[in-house]
Amino acid sequence: MPFSATFIFIVIFCVQSLAAMLQNGFMVAVLGRKWVQSQAFPAGEMIVACLAASRFCLHGLEILNNFLNFILFWHKNNYFGVLWDFINTVNFWFTTWLAIFYCVKICSFSHPIFFWMKWRISQSVPRLLLGSLIIGGLSAISVVTGNTIAFQRMDYENCTHACEARAFHDYYCYHVMLMWVTPFFLFLLSIILLMFSLYWHLEQMRYHSPRPHDYSIQAHTMALKSLAFFLIFYTSYALFLVLSTTQVVTIYNSWRWAWEVITYMGISLHSTILMLSSPKMRRTLKTKFSNLCVGSS
């Protein structure tokens with residue numbers, strides 16, 4: 001890729017990542033301030049705040065790693081790789097818990113297990129978030145273990161660096177399938193259940209007189225609109241990330257920045273939709289913007 005095109009993608013990636021860090025930092029600040037003022041932290045907002053914090057760290061770490069790789073020719077295989085894997089795994093699980101939380105709270109299934117989940121989900125959120133951190137830690141330990149085993153195999157078999165890279169690649173493919181694909185399928189399952197719940201509710205309404213304001217349909221529709229955007233951007237991020245880490249698609253160094261822009265665009269837009277879908281965030285943004293306009297005038 002010509003240097004001018006590479007420079008353009010570097011600028012796009014930096015602007016995109018800094019904007020994502022700004023919006024995620026804004027969400028953490030707004031929700032954290034409300035928590036301090038009211039001494040109460042609703043379960044849904046707790047998940048959003050943790051998700052925003054993890055994405056703030058993810059974008060910041062990716063900026064630092066890419067510039068170290070670009071300037072000093074470092075690669076994501078040591079400390080940065082372990083920390084990135086931890087934060088990325090936690091981010092996947094936080095996103096999944098948010099979708100599951102919406103699904104359990106809004107769906108109107110009558111199964112006893114679903115009633116039990118609806119009753120317990122809010123109380124279970126802190127433990128689920130803590131469990132995500134533990135899974136992220138286990139994921140990081142798995143990466144370190146796989147890397148160590150690959151190096152030991154290289155020394156034992158007296159093979160080349162390509163042999164070591166292949167051994168670690170095979171190990172990392174199974175790691176990705178377990179740590180990333182599992183929460184992604186739970187995310188998809190939550191959206192499918194929401195769609196079935198809405199369909200079932202609409203079928204029930206066919207045999208009853210319609211109400212002027214059906215709050216159940218409104219809740220289903222709003223959740224599905226939000227999760228539809230989540231699905232598009234979250235799927236694009238997961239797909240590009242899996243293709244990159246499993247090396248199904250080979251990315252040449254000259255195209256690294258373009259690939260990073262495409263990969264992290266999905267998660268950036270996902271955070272934007274998450275921020276704009278919250279009435280509290282919109283009110284705060286409107287207030288800040290109005291104060292800024294008044295101050296400038």
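Here are a few short exercises with worked solutions on this predicted model.

**Exercise 1. The salt bridge**

Find the side chains that meet in a salt bridge, and work out which parts of the chain they tie together.

*Solution.*
- Step 1: Searching the whole structure gives one salt bridge.
- Step 2: Its partners are Lys34 and Glu45, with an N to O distance of 3.1 Å. That falls within the 4 Å cut-off.
- Step 3: Lys34 belongs to helix α1 (residues 3-38) and Glu45 to helix α2 (residues 43-71), so the contact ties together parts eleven residues apart in sequence.
- Step 4: Now check the surroundings. Lys34 has a relative accessible area of 26% and is partly exposed, whereas Glu45, with 15%, is buried.

**Exercise 2. Aromatic rings**

Classify the ring pair formed by Trp35 and Phe41: stacked or edge-to-face?

*Solution.*
- Step 1: The structure contains six aromatic pairs.
- Step 2: For Trp35 and Phe41, the ring centres are 5.1 Å apart and the planes meet at 15°. Centres within 6.5 Å make a pair, and planes under 30 degrees apart count as stacked, so Trp35 and Phe41 are stacked.
- Step 3: Trp35 has a relative accessibility of 46%, so Trp35 is partly exposed, since that class lies between 20% and 50%.
- Step 4: Elsewhere, ring pairs join Trp84, Phe92 and Trp180 in a cluster.

**Exercise 3. A charge over a ring**

Which residue lies over the face of Trp119?

*Solution.*
- Step 1: The residue is Arg120, placed 5.6 Å from the ring centre of Trp119.
- Step 2: Compare this distance with the cut-off: CZ of Arg has to be within 6 Å of the ring centre.

**Exercise 4. Helix α7 and the UniProt record**

Compare the reach of helix α7 with the expected length, then locate its bend.

*Solution.*
- Step 1: Helix α7 covers residues 256-276, which is 21 residues.
- Step 2: From first to last C-alpha, α7 reaches 30 Å, close to the 30 Å expected at 1.5 Å a residue.
- Step 3: At Met265, α7 bends by about 30°.
- Step 4: Turn to the record. An unreviewed UniProt entry lists transmembrane regions that include residues 92-116 and 257-276. In the model, residues 257-276 are 100% helix, with end C-alpha atoms 28 Å apart. Residues 92-116 are 80% helix and 0% strand, and their end C-alpha atoms lie 25 Å apart.

**Exercise 5. A long-range approach**

How many residues along the chain separate Phe9 and Trp255?

*Solution.*
- Step 1: Phe9 sits in helix α1 and is partly exposed, at 25% relative accessible area.
- Step 2: Phe9 and Trp255 are 246 residues apart along the chain, while their C-alpha atoms are separated by 9.1 Å.

Terms used: Residues are numbered from 1 along each chain as its sequence is written. This is a predicted model: local features need pLDDT of at least 70, side-chain atom pairs count only at pLDDT 80 or more; totals for chains, interfaces and linings use all residues. Side-chain values use heavy atoms; hydrogens and water are left out. UniProt positions are given in the numbering used here, feature names are shortened, and annotations may be inferred rather than shown by experiment. Helices (H or I, at least four residues) and strands (E, at least two) are DSSP runs, numbered from the N terminus. Rings of Phe, Tyr and Trp (its six-membered ring) pair if their centres lie within 6.5 Å; planes under 30 degrees apart count as stacked, over 60 as edge-to-face and the rest as tilted. Buried means under 20% relative accessible area, exposed over 50%, partly exposed in between (1.4 Å probe, protein chains only). A charge sits over a ring if NZ of Lys or CZ of Arg is within 6 Å of the ring centre and within 35 degrees of the ring normal. The expected span of a helix is 1.5 Å times one less than its number of residues. The bend at a residue is the angle between axes fitted to the seven residues ending there and the seven starting there.
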